[in-house]
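Trainee: I'd like a close look at one part of this model, the place where the two chains meet. Could you walk me through it and then show me how the rest hangs around it?

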2 protein chains.
Amino acid sequence: MAMRRSHVIRYALEQYKSYRVPNAAQSLPSWYTKGTNGSLDSWSRCVHGSVALTQKKAGRVPLSSERFPQLKRGDFARVTDGDLQVFERLVPSRVLTEPGDIEGHNVDWSGTCRGAGQVLLRPKTTEEVSAILRYCNGRRLAAVPQGGNTGLVGGSVPVFDEVIISMSLMDKIISLDEISGVLVCQAGCVVDKINEALEPHGLMTPHILGSKGSCQIGGNISTNAGGLRMLRYGNLHGNVLGVEAVLANGDVLDCLSTLKKDNTGYDLKQLFIGSEGSLGVVTAASVLCPRIPGAVSVALLGCDSFAQVLQTYDAAKKMLQEILSAVEFMDRASMEVVQENLQLTCPLGAHRYYLLVETSGSNAAHDEEKLNSLLGHVMEKAMVDDGTVATEPSKVQSLWALRENVAVALRADGCVYKYDVTVPMSRFYDLVTDTRERVGSDATRVVGYGHLGESDIHLNVTCPQHSEDVFDALEPWVYDWVAKCKGSVSAEHGMGILKRDYLYHSNTGPAVLLMKQLKERMDPRGILNPYKIFPD
Amino acid sequence: MAMRRSHVIRYALEQYKSYRVPNAAQSLPSWYTKGTNGSLDSWSRCVHGSVALTQKKAGRVPLSSERFPQLKRGDFARVTDGDLQVFERLVPSRVLTEPGDIEGHNVDWSGTCRGAGQVLLRPKTTEEVSAILRYCNGRRLAAVPQGGNTGLVGGSVPVFDEVIISMSLMDKIISLDEISGVLVCQAGCVVDKINEALEPHGLMTPHILGSKGSCQIGGNISTNAGGLRMLRYGNLHGNVLGVEAVLANGDVLDCLSTLKKDNTGYDLKQLFIGSEGSLGVVTAASVLCPRIPGAVSVALLGCDSFAQVLQTYDAAKKMLQEILSAVEFMDRASMEVVQENLQLTCPLGAHRYYLLVETSGSNAAHDEEKLNSLLGHVMEKAMVDDGTVATEPSKVQSLWALRENVAVALRADGCVYKYDVTVPMSRFYDLVTDTRERVGSDATRVVGYGHLGESDIHLNVTCPQHSEDVFDALEPWVYDWVAKCKGSVSAEHGMGILKRDYLYHSNTGPAVLLMKQLKERMDPRGILNPYKIFPD
């Protein structure tokens, strides 16, 4: 039995050599390679496509103020011609008011939320952000900071007529210390561009995301983005060494330390990591950057029970330890959607679950030996039913493409309801099973994929078009389900507008009270990204 | 030349096989082994010795209120017999008032600070801590939480008559999830004891410190302790997943998430990491625990210029990558003090600088191959002048002993002035050189050692006894020096009472203002660990 399974691996490996993903070179993310000059990854293209799309179809996305009629506009001033003249003085020629210019910035990536912002400002410096906020605060004008606008909870677009502060022109690398690996840059730097700058020095960002071609480091920090390398390099609370932020009143808070250790008073920068721009606008950051690994390998494994999935994950942690860099999960429905909607080919047969195990290290031969040991072990112990391995970069990318393109593939079904939540490992897949049972044949698909290493499941439900029945079946049921098993209703992206009503699902009353006190203390007029995070 | 150097390594390695550290088995830390049942490491023994010492010699340590006459007692109530009766009801039989019982808790480990606390409470549960603080807040009684009392800035002892809340009886492990590696425990758990509990599951704490035999996880969190594994596993901001804390008014803040990803509102637990018990008393924590590595190797290298030190560090980062777990630094004076005062033997000859490079991984043969490649490279490129390697646990411990015993050895000189600061890598050793020049022959020794990987230097100056001249030469000069090069005046331990006057040295005015606002918001009556962190 053990031998047969080992043979399966070898056979799959052979088979893999001739296996091709259509247009792999253009469509696949290049995780550890030389930047993406001219070749945006699939998500990025999708985001860009989406912005183009929303500019044409924005009218079809209902206004958030209509979609959520319970929301009332706050007691903020409305932008006047006089305000526009002041803005023009503060950021000359970088005040946009043409509807065509700002429509894409009013609609979020998922096409779920649409604000009615009428002015977009494009500062280039911290001083300009400071001047803008000082003025807005004085005038009581609400403002929403916007990075790459790739969030999925409507956190980076206005709800009513908030002033949009786009960070896109704040895209300068300030410094890089090659020995310590510390990068300092402005908040509007796109992650791909940062990696292009780091690559000649053998360094990379500690986090990487599907949206890396569009998302900005400031937005990543403001939402505490985790992404695909978190298993290996940890979260941004650990990797961000310093933050410069502009407070609501325009004061510049310079906590832009580049030191790995600094325990002098409260660690204020942590306040801005994950607070969705509601306590201050992040204008610059210093980030600890790890070295680009010399070798990357990926195994795609098929399992027919969830117990096998957990056993395999445990074995991977034990046997790969320091070289384990990702353990990603897909169910059969996820694999089917990339095959059906994007014509990608899976080198394995049909299985109930798939695991993508990535290793990265400094010595290819060592890593391969460790990975082969693991594969031998999991096959012998019948933890997996089939598997294939890739070490050549293009093959590695092809396997990653299967996982990375799920989100894109799902869009082709029509309407997608997306839930990015964390649940205890033992309940990881129950959420999908229970949802499938609940929505039944009303949905085209119910799929589950995500970051197994962080117990972060992406539950996605598709329909040909928006269905009130499906939506009502899903919400708040999904969030109630997550809360019942002590999960988090937001693994990534934060609360924004779409999840704000569920803040108490993952937080106690005293915790929310303290959050509100901090908000009131730091933004007494409530001008920074209002209507988000907190339920009424 | 290259060959000769390679020969030196081989020769040193041979020589090492017969090299013995006296009483190694008892006196050496066991970094990755089966706990320390009955064998406290040198620091722990020193701490314990110190407590015993201070109980006898406490009278010799001047009262902090006398040493810092500018300090005025706050407008707090004084403990009355009525208060003692209430405390006795809240924590029956765990109210200590005998001077002999609490003297050791009034004096800090370094014997620098002495408070005049007259009552010590020993809660066992969060509810008891809550009841204590609710009462203290109502009565306006100041309180200082105390963990293992191993800090070096006087942060964990009273200044005047603050009520001491000892966390030592809150030492229960609450849960351990072996698959996710998440431990939940009470704040008073000693790090060594936690590691004893983790070891059978193949797990360990992400941080380890010289004081691990005495220091408590709650104190580690409250001071954001980094220690020796930070290069590999990152800091506590990244590894602490949840915190339960009691606020000044007695409210229990339950942020004890065990999820790796949870982005639902502000990450409140971060407020308690590094705030020295001044915003709340940490009562429990959940911590992400890595696996115990299967293999550990250590190389001790000698360099004769600081440029070589930096080149070697850079080469180690590049060539060891995922298995590099520590890069520690000692200068010649540090090596001399462990030889002279503790009769330890160094297997290398005299060099200006020494580096201790540790690797840890899952495959001993792979790690050894990588380490040997590095050693061949640094010898060939003349980055180091001599070196030796150890892979056998007792030899690894013997090499670590040289580095770990510097602090203990220095105490034998008499009086030690200790500065734990971070400076940019390029200025790392200049601080020692400049200090040596400044204090001249007034000092017995001026030594520099520390965590090179975090640019954290421990500057220590010794004299036979306290010398006002030496002290006046050192302070505030050292802190001014650090501030001038944008370093941090506190790499570890926080500000406490000893560094509070230098808070502005590493923070801007707006940052300190915001810290004070947070303090006022969360502890409006200022009862939690007063007199610490902030200058008057």
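Trainee: To start with, how many salt bridges are counted between chain A and chain B?

Mentor: Keep in mind that this is a predicted model. The count between chain A and chain B is four salt bridges. One to pull up is the pair B:Asp456 and A:Lys261, whose side chains meet with an N to O distance of 2.8 Å. Beyond the salt bridges, there are 32 residue pairs in polar contact across the interface of chain A and chain B, taking pairs with both residues at pLDDT 80 or more.

Now for the elements on the chain A side. Those giving two or more residues to the side that touches chain B are helices H10 (230–233), H11 (236–239), H12 (269–272), H13 (306–320), H15 (364–380) and H21 (509–522), along with strand S8. H21(A) gives the most, with nine residues. Sorted by class, that side of chain A has 32 nonpolar, 33 polar and 20 charged residues.

As for extent, the contact takes 85 residues from chain A and 85 residues from chain B. The size of an interface is often given as the accessible area lost when the parts come together. Here chain A and chain B bury about 6600 Å² between them, and 59% of that is on carbon and sulfur atoms. A:Lys261 turns up again at this point: together with A:Asn263 and A:Tyr266 it supplies 15% of the area that chain A buries against chain B, more than any other three residues.

S8 leads us into a sheet of chain A. Five strands form this open sheet in the order S5-S6-S9-S7-S8, with antiparallel pairing. S8 (252–255) stands at one edge and S5 (173–177) at the other, each with a single partner strand, so one side of each has no neighbour in the sheet. Neighbouring strands are turned by 10 degrees against each other on average, direction ignored. Further in, S6 (residues 182–186) and S9 (residues 281–288) of chain A run antiparallel and are joined by five bridges. To find that pairing on screen, look for A:Leu183, which stands opposite A:Val287 in S9(A).

Over in chain B, there's an open sheet of seven strands, also antiparallel, in the order S13-S10-S12-S11-S15-S16-S14. Its edge strands are S13 (386–390) and S14 (415–422) of chain B, each pairing on one side only. The twist averages 15 degrees from one strand to the next. S15 (residues 445–451) and S16 (residues 456–463) of chain B pair over seven bridges, and B:Arg445 stands opposite B:Thr462 in S16(B). Helix H16 (residues 393–404) of chain B lies across S10, S11, S12, S13, S15 and S16 of that chain, running at about 45 degrees to S10(B).

A few backbone spots deserve a check before you finish. Most residues other than glycine have a negative phi, and most peptide bonds are trans. A:Ser455 has a positive phi of about 60 degrees although it isn't a glycine, and A:Ser455 sits in the loop between S15 (445–451) and S16 (456–463) of chain A. Then there's the cis peptide bond joining A:Glu475 and A:Pro476, with omega about 5 degrees; A:Pro476 is in the loop between H19 (468–474) and H20 (477–484) of chain A. In chain B, the peptide bond from B:Glu475 to B:Pro476 is cis, with omega near 5 degrees, and B:Pro476 is found in the loop between H19 (468–474) and H20 (477–484) of chain B.

Terms used: Residues numbered from 1 in each chain as written. Chains lettered and ligands numbered in written order. Predicted model: local features only at pLDDT ≥ 70, side-chain atom pairs only at ≥ 80, totals over all residues. Heavy atoms only, no water. Pairing = 2+ DSSP bridges. Helix = DSSP H or I, 4+ residues; strand = E, 2+ residues; numbered from the N terminus. Axes fitted to C-alpha atoms, helices over the stretch in contact; angles between N-to-C directions. Contact = heavy atoms within 4.5 Å. Buried area = accessible area lost by both parts, 1.4 Å probe. Polar contact = N/O pair within 3.5 Å; in protein donor to acceptor, adjacent residues only side chain to side chain. Nonpolar A, V, L, I, M, F, W, Y, C, P; charged D, E, K, R; others polar.
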